[in-house]
Amino acid sequence: MSETRKSRVLCDVDFDRDGRQTGFLRLFHSSHVSAYGFLPIPIVVLRNGEGPTALFVSGNHGDEYEGQLALCGLAQSLDPERIRGRVIILPTANYPAALAGNRVSPVDNLNLNRIFPGDPDGSVTEQIAYFISSELIPRADLVCDLHSGGSSLLYTPCSLTNHVADPDLFRRQIAALRAFGAPLGYVQGRAQGQGGNLTLGGVAERRGIVTLGTELGGAGAVSAEGLAIARRGVRNLLVHLGILPETEREPAEETRIYGLGGQDHFVYAPEGGVFEPLAEPGETVRAGQPAARIHTPETPWAPPAEAVFARDGFVLCKRQPGRTLRGDCLYVLGGAFTPSG
Ligand code: CA
């Protein structure tokens, strides 16, 4: 259940000291170009006495930028004198991936958000996951992991949380989702791990911590709309927790919440080729409606393969690159949200 081994990562900041502290997690990594060096993963901690702790993470995937920018802004603008409790900010969680603008780490090719809780004796990305699991998440009352679609997906900006078995925790997750104030949100059946592993949010939920995330845009770029939602959302979450006073709450519209369940919410490429999208994020579609044509210019006499939507829904995201392989995800649909699951 808990991560009891000690992380090897050194930490510049003292989580129990009042005021603003900035520094690095020092993850020692010997390479061809740096024999004795460390990877400097920036961390910011603001604390003012006893109170709740919010943990904000971005750069879990290095090619998702709105969260990184929103958390830089939060780190610079928050006055520790104005808060009650503690805010921990980790803007470039997978630091080598963030520097490279890459989803996965260029050091070990691992996807940070598929290997939680990580391993203190593992590779670079496994050690990052383990530090977050063992040193950051256990200190938090709320965990917010800010994502976007990355290089291969484009989302209409939204917040998200997972269905959890504990009804009280689920009620508090939905309350936090609404407090964040994104115009759209969705609730997914369960956090996606890989194999027996968890996501960052999965570790937090396993500990009974209120956990939410976002998908703020994507296509490897910065969405101005998604960034504005993130900047407002992280501050409104601090108000929701009582870390910032009520006077700091920024008005937001009601969040329209969708549900995301089984495989019929996903459209995959039936063949390899060039993806012609027939719907865009933000559109409402019907079961049986054409979703995509996959063309093969290498055999120009062959007609395109067609993919259809398997259910009615709201287009949360679509694939971004034109070239696609059979099995690539082309669309994700939101459906009706039923609070009982
Ligand atoms: Ca992501």
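Let me begin with the open sheet, which has ten strands in the order β1-β2-β3-β5-β4-β6-β10-β8-β9-β11, with mixed pairing; strands here are DSSP runs of E of at least two residues, helices are runs of H or I of at least four, both numbered from the N terminus, and two strands pair if DSSP finds at least two bridges between them. The edge strands, pairing on one side only, are β1 (10-11) and β11 (256-260).

Please keep in mind that this is a predicted model, in which local features need pLDDT of at least 70 and side-chain atom pairs count only at pLDDT 80 or more, while totals for chains, interfaces and linings use all residues. Residues are numbered from 1 along each chain as its sequence is written, and side-chain values use heavy atoms, with hydrogens and water left out.

Within the sheet, β6 and β10 pair in the parallel sense over six bridges, and Val-143 stands opposite Thr-211 in β10. Helix α6 packs on the sheet, where it touches β4, β5, β6 and β10, contact meaning heavy atoms within 4.5 Å.

Now to the interior. The largest nonpolar core has 39 residues, and Phe-56 and Phe-180 are among those with the most contacts inside it; such a core is a set of buried Ala, Val, Leu, Ile, Met, Phe, Trp, Tyr and Cys residues joined through side-chain atoms within 4.5 Å, where buried means under 20% relative accessible area (1.4 Å probe, protein chains only). Which helix gives the most to this core? That is α6, with eight residues. Apart from this core lies another, of 31 residues, including Val-13 and Phe-131.

Note on methods. Buried means under 20% relative accessible area, exposed over 50%, partly exposed in between (1.4 Å probe, protein chains only). Axes are lines fitted to C-alpha atoms, for helices over the stretch in contact, and angles run from 0 to 180 degrees between N-to-C directions.
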